[in-house]
Amino acid sequence: MENFVFYSPTEFVFGRDTERQVGALAVKHGASRVMIVYGGGSAVRSGLLDRVRLTLREAGLTFCELGGVQPNPTDAKVYEGIGLCRREGADLLLAVGGGSVIDTAKAIAAGVPYEGDFWDFYIGRAQVTRALKVAVVLTIPAAGSEGSGNTVITKSATLQKMSLRAPMYLRPVFSVMNPELTYTLPAFQTACGVCDMMIHIFERYFTNTTDVEVSDRMCEGVLTAILKEAYRVRQNPQDYGARANLMWAGMVAHNGTCGVGCEEDWASHFMEHEVSALYGVAHGAGLAVVVPAWMTFMAERHPEKVAQLGERVFGVPVQDDLQEMALGCVSRLKHFFRYMGLPVSFKELGVESPDIPLLVRKLHENKGPLVGNYVRLTPKDTEEIYRLAL
């Protein structure tokens, strides 16, 4: 196990009707003027946004609003939000929504006190050293942004989809998590969320770091729970217990606890970011295509952890041939994704003829000549993985 620093100060307020506590929580965490950030119409149609506004007013807080955040959020909305936040003097960003909304709020929070272009943080030109406070009312369990210091934004002009980690500054100060808010999610969106949280765990599980038994077992336990609860939600979308377990699993998958002391991988995420940046697909659906291809590649070159995952989580029988065990894991993972209604190939994703040379070129321009850590992937390797996803 490697040395590590783990810092997770978020206050999680979980359960039915917890969104009614938002105003009191904002006051508790020192807010005086709030900027609500939200996405499309669901928060409005469901009445959630009205309930959030009411609780802020009852707490004596003033607020402004930034709506219209889209999936795969772009820099344009961040620039708009930075300008609005500065004009209004907001001191807390309240994200009401899922990962895209939260990531946008975090980018704004980092950008407001910075004199340069917020994009500097995403390309490594500058480091976040201060930020406004961020808080969350979660509506989509998937990205885990409600408990992490991570954010992903796409630059529209160049179609660069880049991530930023700043756990000391961008972890939300509080996150309100009411599983009932997820009852009306479309089945496909639920499935994309399940895939995203699973791959967040895979990125930590597929490590070459030794003596990480606690992390391995935590990863395997959360993955086993996700599989079980995903089946329950597929059968009954209004199963509170299943929704609650999935909501908490999404947070645990990405707040860092499953990867402490490990060298993490992240090649699959980086490869998918190029797909969703170029073709505008749902992130979770893109991952369902890329990850089985990545695992198939690893079955031949580095099958050990894939085989272990197959045995401990997917019930693959133990045998001496680790490559066969790893391929068995891939087969069972694909079966689960298909059961959930997810694509497992580019064609099923709706991308009939992906521009693989362009995907490879942009990936390595953004992430360097070698990508990932479980196996350091060259452009030839990543091209092969993209082709395995055809």
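Which residues of helix α3 (residues 48-58) are buried? In the predicted model examined here, the buried residues of this helix are Leu-48, Leu-49, Val-52, Arg-53, Thr-55 and Leu-56. Seen down the axis of α3, these buried residues fall within an arc of 165°, so they line one face of the helix. An α-helix has 3.6 residues a turn, so residues three or four places apart point the same way. On the other side of α3, Arg-57 and Glu-58 are exposed. The elements against which the buried residues of α3 pack include both helices and strands, namely α1 (22-28), α2 (42-45), β2 (33-38), β3 (62-66), β4 (92-97) and β5 (133-138). Just after the helix, Gly-60 adopts a positive phi of about 80°.

Among the buried residues of α3, Arg-53 carries a charged side chain, and its relative accessible area is 18%, which places Arg-53 under the 20% limit for a buried residue. The side chain of Arg-53 meets that of Glu-65 in a salt bridge, with an N to O distance of 2.6 Å. Because Arg-53 lies in helix α3 and Glu-65 in strand β3, the pair ties together parts that are twelve residues apart in sequence. Glu-65, at 27% relative accessibility, counts as partly exposed, whereas Arg-53 is buried.

A search of the whole structure finds 22 salt bridges, of which the pair just described is one. In another, the side chains of Arg-301 and Glu-384 meet at 3.2 Å, N to O, and this pair links distant parts of the chain, since Arg-301 belongs to helix α12 and Glu-384 to helix α17 (residues 379-388), 83 residues apart. Both partners count as partly exposed, Arg-301 at 37% relative accessibility and Glu-384 at 30%. Helix α17 also holds a salt bridge between the side chains of Glu-383 and Arg-387 (3.2 Å, N to O); being four residues apart in that helix, Glu-383 and Arg-387 are separated by about one helical turn. Glu-383 is partly exposed at 31% relative accessibility, and Arg-387 is partly exposed at 41%. Elsewhere, salt bridges that share partners join Glu-213, Arg-217, Glu-220 and Arg-312 into one network.

Asp-265, placed in the loop between α10 (240-252) and α11 (267-279), is buried yet has no salt bridge. The nearest side chain of opposite charge, that of Arg-376, is 7.4 Å away, a separation that lies outside the 4 Å limit for a salt bridge. Backbone nitrogens are nevertheless found beside the side chain of Asp-265: a polar atom of this side chain lies 2.8 Å from the backbone nitrogen of Asn-373 and a polar atom lies 3.1 Å from that of Ala-267. Leaving aside neighbours within four places in sequence, Asp-265 is in contact with Glu-203, Phe-206 and Trp-294, and also with Gly-372, Asn-373, Tyr-374 and Val-375.

A second buried polar residue, Asn-178, is found in the loop between β8 (174-177) and α8 (187-205), and its relative accessibility is 1%. The side chains of Asn-178 and Glu-19 are joined by a polar contact of 3.0 Å. When residues up to four places away in sequence are not counted, Asn-178 touches Gly-15, Arg-16, Asp-17, Thr-18 and Glu-19, together with Met-247.

Helix α12 (residues 283-301) contains Val-291, which counts as buried at 2% relative accessibility. Beyond the residues up to four places away in sequence, Val-291 touches Ile-199, Phe-202, Ser-268 and Leu-333. The C-alpha atoms of Val-291 and Leu-363, which are 72 residues apart along the chain, are separated by 16 Å.

Strand pairing is illustrated by β6 (residues 150-155) and β7 (residues 160-165), which pair in the antiparallel sense over six bridges. Within this pairing, Thr-154 has Lys-161 in β7 as its bridge partner. The two strands form a hairpin with four residues between them, and in the turn Leu-159 has a positive phi of about 55°.

Technical notes
Residues numbered from 1 in each chain as written. Predicted model: local features only at pLDDT ≥ 70, side-chain atom pairs only at ≥ 80, totals over all residues. Heavy atoms only, no water. Buried < 20%, exposed > 50% of the residue type's maximum accessible area, 1.4 Å probe, protein only. Polar contact = N/O pair within 3.5 Å; in protein donor to acceptor, adjacent residues only side chain to side chain. Contact = heavy atoms within 4.5 Å. Arc of directions from axis to C-beta. Pairing = 2+ DSSP bridges.
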